[in-house]
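Please find below a note on the structure under review. It takes up the chains in turn and then the cysteines.

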Amino acid sequence: MIKLYLCVAIILLSYLAGYLYTAGYEKRVRHMEGLLNRFQQISTQMRYSFETLPELFSQVYLREEEPAGMVFAAAAENMRQNTGESFPQIWDRAVRETFARTALTESDMETVIHLGADLGKTDMTQQEKTLEHICGGISALLDQAKEERKRKTKLYRTLFTAGGILIVILLI
Amino acid sequence: MMQLEVQKDESGGLSIIIDQFPPKYKNLIFSFGPRIAESLEEVRIKAGAPIYLYSKGREYRTEAVLAPGDVEGILASMLSYSVYSYQEEITKGFVTLPGGHRVGICGKVIMDAGKVKGIKEVSSLNIRRSKEIIGVAAPIMGQILTCGPGQSEKGGVRSCLIVSPPGCGKTTLLRDIARTLSQKGFRIGVVDERSELAGMYQGIPQKDLGPRTDVLDGCLKSEGITMMIRAMAPEVICCDEIGRDADVEAVYEALCTGVSIITTAHGSSYEEMKRSKIGGLLEEGAFQRVIFLSNRPQIGTVTRILNESGRVIS
């Protein structure tokens, strides 16, 4: 009887290990969605209120405190500190500072840095196009992240569970 | 000649703007010492040239020369990295910043269908201090106000035209007249076409225009005067620098509705004004007082005041 319980526990634990191992893929999708939502909010808000970037960034951060919002809080703070940096430098620094607290990959980070560099520097018509481009770019990353989540979670959960079953077989 | 007493400049100076400069340039400007930094009247910034500072009539310049791209960097930090937020103002060639101070912009102008769409490749900036001198209008208020039927009545306001060449204090005087009348209980409408009178910044006037003053910011005088009459029922309308046919028509409309007009115009003599587009208004006695200003011996000196018939009364 104890042996049976042990076998069930091994299989459950290996499934759980697989689940934990793939949590990063889930988080990456969530953080990417958070980033996309915020850029969409900024786009809408910018068009109607004409508020400055530090104001818009602070607003989207206040709405929900999570890693994806931190980049906007950091950028708003960097802009207010008036360090003499250009916006691309400020954005670059904000993304890199907050990157470690997200589940985004190095390649996601570079893309987000590249996409955000043109914010604020043109008139509203161009800014709308810039934000469309940013949202399009992040949507593409999100699709990749979702695809990867689908593939990898299935693969690793199956592998970990199969590993558990193998251990049970060997024990028996 | 009447000397307008300079009592107090409440504008807070250009330090608030210089503070937003990238540290490298901020330190260069502040290196001239706090006295100069606090009394700065103008800062001129140009790519490939030193920064020129003007304080108490003297010119100062930094040793360092601005590199290409620095001017755009300074402008970006002054605009909170949000050009789109100021695009309407930029098409007029200037932006108004906190404190009502104005930044004039030069660069490559982008035209679209005969209209200015924007300015790119910014080459030079001119940051001018917006002055506010509380009480500067006090010596001439007696010429503007008419007595009421009783001691407690507030009386009326004469329509006035303030005339001078540029740089003699017309706008500063007009602003203080608006503030004084507002404090005396009159409903004032200010049509601030160039955002100089109120220095509106994010919906808040940066200058004290009194408690009963409504401001139409960035609106053409010809449109704004009519809008103000219909929307806010003012007793007095103040606007700066009339001169076009449409402005004259709007002034006529205001006078027909019983609203007093206090405005300014560029000029140096009554005869010159009579030959200008606003000559018709003077001929018909639309302004009960015409106040001439000069910058000698100092800015804001009232040289003479004429009545509606063009007779010198002071």
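The points below concern fold content, dimensions, burial, charge and cysteines.

1. Status of the model. The coordinates are those of a predicted model, and the remarks that follow should be read accordingly.

2. Secondary structure of chain A. Chain A contains seven helices and zero strands. Its order along the sequence is α-α-α-α-α-α-α.

3. Dimensions of chain A. For 172 residues, a compact globule would be expected to have a radius of gyration near 16 Å, but the value for chain A is 21 Å. The C-alpha trace of this chain extends over about 70 × 30 × 25 Å along its principal axes.

4. Burial and contacts in chain A. Of the 172 residues in chain A, 41% are buried. When contacts between residues at least 6 apart in sequence are considered, 64% of those in chain A link residues at least 24 apart. Chain A has an accessible surface of about 9,400 Å², and carbon and sulfur atoms account for 60% of that area.

5. Charge in chain A. Chain A carries 20 positive and 21 negative charges, and the mean positions of the two groups are 9 Å apart.

6. Secondary structure of chain B. In chain B, eleven helices are found together with 17 strands.

7. Dimensions of chain B. Chain B has a radius of gyration of 21 Å, which agrees with the value near 20 Å for a compact globule of 314 residues. Its C-alpha atoms occupy a box of roughly 65 × 45 × 35 Å along the principal axes.

8. Burial and contacts in chain B. Buried residues account for 53% of the 314 in chain B. Of the contacts in this chain between residues at least 6 apart in sequence, 62% connect residues at least 24 apart. The accessible surface of chain B is about 14,200 Å², with 49% contributed by carbon and sulfur atoms.

9. Charge in chain B. There are 38 positive and 37 negative side chains in chain B, and the centres of these sets are separated by 3 Å.

10. Cysteines. The count of disulfides over all chains is zero. How far is the sulfur of Cys160(B) from the closest cysteine sulfur? The distance is 9.3 Å, to Cys238(B), which is too far for a bond, because a disulfide requires sulfur atoms within 2.5 Å. Cys160(B) is buried, since its relative accessibility is 0%. Cys7(A) is likewise buried, with a relative accessible area of 10%, which is under the 20% limit for that class.

Conventions: Residues are numbered from 1 along each chain as its sequence is written. Chains are lettered from A and ligands numbered from 1 in the order in which they are written. This is a predicted model: local features need pLDDT of at least 70, side-chain atom pairs count only at pLDDT 80 or more; totals for chains, interfaces and linings use all residues. Side-chain values use heavy atoms; hydrogens and water are left out. Helices (H or I, at least four residues) and strands (E, at least two) are DSSP runs, numbered from the N terminus. The radius of gyration is taken over C-alpha atoms; the globule rule is 2.2 Å times the number of residues to the power 0.38. Buried means under 20% relative accessible area, exposed over 50%, partly exposed in between (1.4 Å probe, protein chains only). Contact means heavy atoms within 4.5 Å. Accessible areas come from the Shrake-Rupley method with a 1.4 Å probe; for residues, only the protein chains shown count as cover. Lys and Arg count as positive and Asp and Glu as negative; His and the chain ends are not counted. The place of a charge is taken as NZ of Lys, CZ of Arg, CG of Asp or CD of Glu.
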